[in-house]
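Got the viewer open and a hand free for the selection box? Let's take a walk through this one, stop by stop.

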Amino acid sequence: QVRLVESGGGLVQAGASLRLSCAVSGRTISSYAMGWFRQAPGKEREIITAISNSGGTIYYADSVKGRFAISRDTAKNTLYLQMNSLKPEDTAVYFCAAKAVPLRSGSYWREAREYNYWGQGTQVTVSS
């Protein structure tokens, strides 16, 4: 059974940075395409960024392109989201997600319904 545990959220001022972590247990992170999603109150869950199981293919939503960066550490089996130049509109609960894929997949996925496993979420609040 795969378990995803996010950490690193908090309350920051606009312009600050945060790094979120998603610890993956159960199987190697290379078995999964991964993604970061967020959900603000009253809004649908939206994709922020996604990465293939090989780490070689990455997607960013336009709203975060140039400010956020996804990465992973295979030795620590952990996915990261570096968030810079945070804005009040980035306020949301952030979730990491994993989709089991063949080792040669090399693809990322942008739809929440494609993902098999989800973390519990971590709150990010950006004050103006």
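Before you click anything, keep one cut-off in mind: a residue is called buried when its relative accessible area is under 20%, exposed when over 50%, and partly exposed in between. Keep in mind too that this is a predicted model.

**Whole chain**

Start with everything in cartoon. You will find 0 helices and 11 strands, so reading along the sequence gives β-β-β-β-β-β-β-β-β-β-β, with strands as DSSP runs. The radius of gyration is 14 Å, close to the 14 Å that the globule rule gives for 128 residues, so the protein is as compact as a globular protein of that length. Turn the model along its principal axes and the C-alpha atoms fill a box of roughly 45 × 25 × 25 Å.

Now switch on the surface. About 6500 Å² is accessible, and 45% of that belongs to carbon and sulfur atoms. Of the 128 residues, 41% count as buried. If you like contact maps, look away from the diagonal: among contacts with a separation of 6 or more, 61% are between residues 24 or more positions apart. Colour by charge as well, and you have 15 positive and 9 negative charges, whose mean positions are 6 Å apart.

**Strands β4, β5 and β6**

Select residues 46-51, which is strand β5. How many of its 6 residues are buried? The count is 5, so the strand is mostly covered, going by the under-20% cut-off.

Add residues 32-39 to the selection for strand β4. β4 and β5 run antiparallel and are joined by 5 bridges. They form a hairpin with 6 residues between them. Click G42 in that turn: its phi is positive, about 80 degrees.

On the other side of the sequence, add residues 58-60, strand β6. Here β5 and β6 also run antiparallel, with 3 bridges joining them. This pair forms a hairpin too, with 6 residues between the strands, and G55 in the turn has a positive phi of about 80 degrees.

To see how the strands line up, show I51 as sticks. Which residue of β4 stands opposite I51? M34 does. In β6, the bridge partner of I51 is I58.

**A33**

Stay in strand β4 and select A33. Its relative accessible area is 0%, so A33 is buried. Bring up what touches A33, skipping residues up to four places away in sequence: I51, S52, N53, A97, A98, K99, V101, S107, W109 and Y115. Pick Y115 out of that set; A33 and Y115 are 82 residues apart along the chain, yet their C-alpha atoms are separated by 8.6 Å.

**S31**

Step back to the loop between β3 (18-25) and β4, where you will find S31. Is S31 buried or exposed? With a relative accessible area of 5%, S31 is buried. Leaving aside neighbours within four places in sequence, S31 is in contact with N53, K99, A100, V101 and L103.

**N53**

The next stop follows from that contact list, which includes N53. Select N53 in the loop between β5 and β6. N53 is buried, at a relative accessible area of 2%. Not counting residues up to four places away in sequence, N53 touches S30, S31, Y32, A33, R72, V101, P102, L103, R104, S105, G106 and S107. For a distance to draw, take the C-alpha atoms of N53 and T28: these residues are 25 apart along the chain, and the separation is 9.9 Å.

**Two positive phi angles**

Finish with the backbone. Most residues other than glycine have a negative phi. Which way does N77 go? N77 has a positive phi of about 55 degrees although it is not a glycine. You will find N77 in the loop between β7 (68-73) and β8 (78-83), and at 15% relative accessibility N77 counts as buried.

Then move on to S85, in the loop between β8 and β9 (92-100). S85 is not a glycine either, but its phi is positive at about 50 degrees. At 43% relative accessibility, S85 counts as partly exposed.

Terms used: Residues are numbered from 1 along each chain as its sequence is written. This is a predicted model: local features need pLDDT of at least 70, side-chain atom pairs count only at pLDDT 80 or more; totals for chains, interfaces and linings use all residues. Side-chain values use heavy atoms; hydrogens and water are left out. Helices (H or I, at least four residues) and strands (E, at least two) are DSSP runs, numbered from the N terminus. The radius of gyration is taken over C-alpha atoms; the globule rule is 2.2 Å times the number of residues to the power 0.38. Buried means under 20% relative accessible area, exposed over 50%, partly exposed in between (1.4 Å probe, protein chains only). Contact means heavy atoms within 4.5 Å. Accessible areas come from the Shrake-Rupley method with a 1.4 Å probe; for residues, only the protein chains shown count as cover. Lys and Arg count as positive and Asp and Glu as negative; His and the chain ends are not counted. The place of a charge is taken as NZ of Lys, CZ of Arg, CG of Asp or CD of Glu. Two strands pair if DSSP finds at least two bridges between them.
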